[in-house]
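Please open the model in a viewer and keep the sequence panel visible beside it. The tour below proceeds by selection, stating at each stop what to pick and what is found there.

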Amino acid sequence: MKKISVAIQGIQASFHHQVALSYFGSEVRVVECKSFAEVSKSISQSQSDFGVMALENSIAGSIIPNYALIDTHNLQIIGEYYLNIQLNLMGFPGVLLENITEIHSHPIALLQCSVFLEQFPKIKLIETTDTAAAAKNVRENKLLHVGVLASPLASQLYQLETIKSAVHTVKSNKTRFVILSKEKHLSQKSSPNKVSVKFELDDTPGSLATVLNVLNTSQLNLTKIQSMPIIEKPFKYSFFVDFVFSDYAFFEKANRLLQIMTTEYKVLGEYQSGKSNLD
């Protein structure tokens, strides 16, 4: 039986890898990609069955370019997963904190640990493409002066020692990941109660307020709104909106109205809310 293939940004022991295993199971075949753009292409060109992509973090905020990738590649959001993020400072076995002159990690991870890092102004911070890749680099090249901010799984897989655990600034540190597909996935385990849409509006005063009022009167609960500049139209914005509902009929009603009220409208995905994973 052919294994499900899932594209991730990063390598084994990255947070995207953890989500792929948690969502699809340990038998999944992971396709490692160097960038989110490569993840999107892998799905849209049918090189992977699905993909995992981070969209927002409770500390660092939204990863805005990823919204554009989902839209541009016409991908469908078929699910979401909230992952508790733990970042440990680790190094080659035997290395002590006083030996470290550089700390390597993904820029978002560095941002999430900013308060801890401020204690060491002489240590140089080096941005990498992935937390797990930084850990792998230290192991393979025996870098005795380099510390890494990465997950406990990375220290286990790449045999590094934890120097200090849980160094992220806010201990309740969660990232929302979405599960992506080229097509709308019809074999979901349960009916959708969450929808992601993208729309554009004309210059009519109060047009956004009117749209939000439609969501409210249709008994849709807005959970996220993200604006993004439209490159071809200076000072114009597209809006990416997530909302949940208790009855699919509520969305169907709002969906008909939004198609009329907007100048451009696209449903990015209908799926089951992943909020249960927050606990």
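Throughout this tour, two residues are in contact when they have heavy atoms within 4.5 Å. The model is a predicted one, in which local features need pLDDT of at least 70 and side-chain atom pairs count only at pLDDT 80 or more, whereas totals for chains, interfaces and linings use all residues. Residues are numbered from 1 along each chain as its sequence is written, and side-chain values use heavy atoms, with hydrogens and water left out.

**Stop 1: Gln86**

Select Gln86, in the loop between strand S5 (76-84) and strand S6 (88-91). Helices (H or I, at least four residues) and strands (E, at least two) are DSSP runs, numbered from the N terminus. Which residues are in contact with Gln86, leaving aside its neighbours within four places in sequence? They are Phe15, Ala150, Ser151, Pro152, Ser165, Ala166 and His168. Relative accessible area is classed as buried under 20%, exposed over 50% and partly exposed in between (1.4 Å probe, protein chains only). Gln86 has 33% and is therefore partly exposed. For a distance check, pick Lys34 as well: the two residues are 52 positions apart in sequence, and their C-alpha atoms are 22 Å apart in space.

**Stop 2: the whole chain**

Zoom out to the full chain, which contains nine helices and 15 strands. Along the principal axes, its C-alpha atoms fill a box of roughly 65 × 50 × 35 Å. The radius of gyration, taken over C-alpha atoms, can be set against a globule rule of 2.2 Å times the number of residues to the power 0.38. For 279 residues a compact globule would have a value near 19 Å, and the 21 Å of the chain agrees with this. Buried residues make up 48% of the 279 residues. Of the contacts with a separation of 6 or more, 74% are between residues 24 or more positions apart.

**Stop 3: helices H1 and H2**

Select helix H1 (residues 15-24), where Phe15, His16, His17, Gln18, Val19 and Ala20 are buried. Just after H1, Gly25 takes a positive phi of about 100 degrees.

Now select helix H2 (36-44). Its buried residues are Phe36, Val39, Ser40, Ser42, Ile43 and Ser44. What covers them includes strand S1 (5-9), H1, strand S2 (29-33), S3, helix H3 (64-72) and strand S11 (174-181). Continue to Ser46, in the loop between H2 and strand S3 (50-57). Ser46 has a positive phi of about 60 degrees although it is not a glycine.

**Stop 4: Leu55 in strand S3**

Move along to Leu55, which lies in strand S3. Is this residue buried or exposed? Leu55 is buried, since its relative accessible area is 2%. Leaving aside neighbours within four places in sequence, Leu55 is in contact with Gly61, Ser62, Ile63, Asn66, Tyr67, Ile70, Arg176 and Val178. Add Thr175 to the selection: it is 120 residues from Leu55 in sequence, with a C-alpha to C-alpha distance of 7.6 Å.

**Stop 5: Lys142 and Ala154**

Select Lys142, in the loop between helix H6 (131-141) and strand S9 (146-150). Lys142 is not a glycine, yet its phi is positive, about 50 degrees. This lysine counts as exposed because its relative accessibility is 57%.

Next, select Ala154 in helix H7 (residues 152-157). Ala154 counts as buried because its relative accessibility is 0%. Apart from neighbours within four places in sequence, Ala154 is in contact with Ala13, Met90, Ala135 and Gln159. Leu75 is 79 residues from Ala154 in sequence, and 29 Å separates their C-alpha atoms.

**Stop 6: helices H8 and H9**

Finally, select helix H8 (residues 207-217) and helix H9 (residues 248-261), whose axes come within 10 Å and cross at roughly 170 degrees. Axes are lines fitted to C-alpha atoms, for helices over the stretch in contact, and angles run from 0 to 180 degrees between N-to-C directions. How are the two helices oriented to each other? H8 and H9 are roughly antiparallel, a class for angles over 145 degrees. To view the contact, show Thr210, Val211, Val214, Leu215 and Thr217 in H8, which meet Lys253, Leu257, Leu258 and Met261 in H9. By class, this contact has six nonpolar, two polar and one charged residues. Here Ala, Val, Leu, Ile, Met, Phe, Trp, Tyr, Cys and Pro count as nonpolar, Asp, Glu, Lys and Arg as charged, and the others, Gly among them, as polar.

Notes. Angles under 35 degrees count as roughly parallel, over 145 as roughly antiparallel, 65 to 115 as roughly perpendicular and the rest as oblique.
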